[in-house]
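Student: Could you walk me through how to read a structure like this one? I would like the general idea of each feature, then the case at hand.

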Amino acid sequence: MMIDLPARPFAAQLAGDGHTALVVIDMQRDFVEPGGFGASLGNDVTLLHSAIAPIAALLAAWRARGWPVLHTRECHLPDLSDCPPAKRERGHPSLRIGEPGTMGRLLIAGEAGADIIPALYPAANEWVIDKPGKGMFWATGLHERLQAAGISHLVFAGVTTEVCVQTSMREANDRGYDCVIVEDATESYFPEFKRAAIDMITAQGAIVGWCATSSQVLAALGAGKNQHLEP
Ligand code: TIU
């Protein structure tokens, strides 16, 4: 069963019967809360907060259907053996990956900051993919898991639009998945970069994929407004 979805630049389809996964990228305290990695780079983390309620609504709709949900976390092993020096040494952050912040060591698996924010915390049956890169396929084995689960379509939410969301969506597109980014369920520290990333993704006949709003996705799923949850 295919589900029609009004979208940009033209109508899309989602695969029903659990073949469309909701992908929530890196809604971690380290990006969304003060004192984490995002703040260490000089960013205003409050710019990401408007995505939380739309993501909660999408999670509720997927959970109500028993459809697959996957959450990613950008993080590294405590010994940093999976963190290339080029990544750790880049730029002039106030703290580097692995250094102690107010939520533990920045972007280190198992630390409080690397975990998902409470409002969007994964359910026990949902996939949680720890990824050392910006993209969700590098060094994760995710493609094989998605293939084994029969997942053909991916609906993207999370942060940040032009970094980990865009990288993951491009990687997914190259692996043959049909991808939709949910405009109000993704955010960036740079509003102009969010706009540009979505424009790039959808240009040239949806060259990377489609863009829809959370209301369009929920309506297409028949979820209706009563599925909206407060964060
Ligand atoms: N800095 C920034 O915009 N993003 C990241 O470093 N990672 C993610 O996007 N998750």
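Tutor: Let's begin with one contact: the side chains of T186 and T161 make a polar contact of 2.8 Å. A polar contact is a pair of N or O atoms within 3.5 Å; within protein, one must be able to donate a hydrogen and the other to accept it, and residues adjacent in sequence count only if both atoms are side-chain atoms. Before we go on, this is a predicted model, where local features need pLDDT of at least 70 and side-chain atom pairs count only at pLDDT 80 or more, while totals for chains, interfaces and linings use all residues. Residues are numbered from 1 along each chain as its sequence is written, and side-chain values use heavy atoms, with hydrogens and water left out.

Student: Where is T186 placed, and is T186 buried or exposed?

Tutor: Strands (E, at least two residues) and helices (H or I, at least four) are DSSP runs, numbered from the N terminus. T186 is in strand β9. Buried means under 20% relative accessible area, exposed over 50%, and partly exposed in between (1.4 Å probe, protein chains only). T186 counts as buried because its relative accessibility is 0%.

Student: Which side chain does E187 contact?

Tutor: E187 is also in strand β9, which covers residues 178-187. Its side chain is joined to that of K194 by a polar contact of 3.0 Å. E187 has 13% relative accessibility, so E187 counts as buried.

Student: Now the ligand. Which residues surround the ligand?

Tutor: A residue is near a molecule if one of its heavy atoms lies within 4 Å of it. Here the surrounding residues are D26, F31, F37, L41, E74, K134, V159, T160, V163, C164 and Y189. By class, that shell has 7 nonpolar, 1 polar and 3 charged residues. Ala, Val, Leu, Ile, Met, Phe, Trp, Tyr, Cys and Pro count as nonpolar, Asp, Glu, Lys and Arg as charged, and the others, Gly among them, as polar.

Student: What lies 2.9 Å from an oxygen atom of the ligand?

Tutor: A polar side-chain atom of T160 does. A side-chain N or O atom of E74 is 2.9 Å from a nitrogen atom of the ligand, and a backbone N or O atom of C164 is 3.1 Å from a ligand oxygen atom. The protein covers 92% of the 290 Å² of accessible area that the ligand has on its own; such areas come from the Shrake-Rupley method with a 1.4 Å probe.

Student: Which peptide bond leading to T160 is worth a look?

Tutor: The one from V159 to T160, which is cis, with omega near -15 degrees. T160 is in the loop between β8 (153-159) and α6 (161-174). The bond from R8 to P9 is cis too, with omega near 0 degrees, and P9 is in the loop between β1 (2-5) and β2 (12-15).

Student: What about phi of A139?

Tutor: Phi of A139 is near 60 degrees, a positive value in a residue other than glycine. A139 sits in the loop between β7 (127-131) and α5 (142-148), and A139 is exposed because its relative accessible area is 57%. Phi of Q204 is positive as well, near 55 degrees; Q204 belongs to helix α7 (residues 191-206) and is exposed at 67%.
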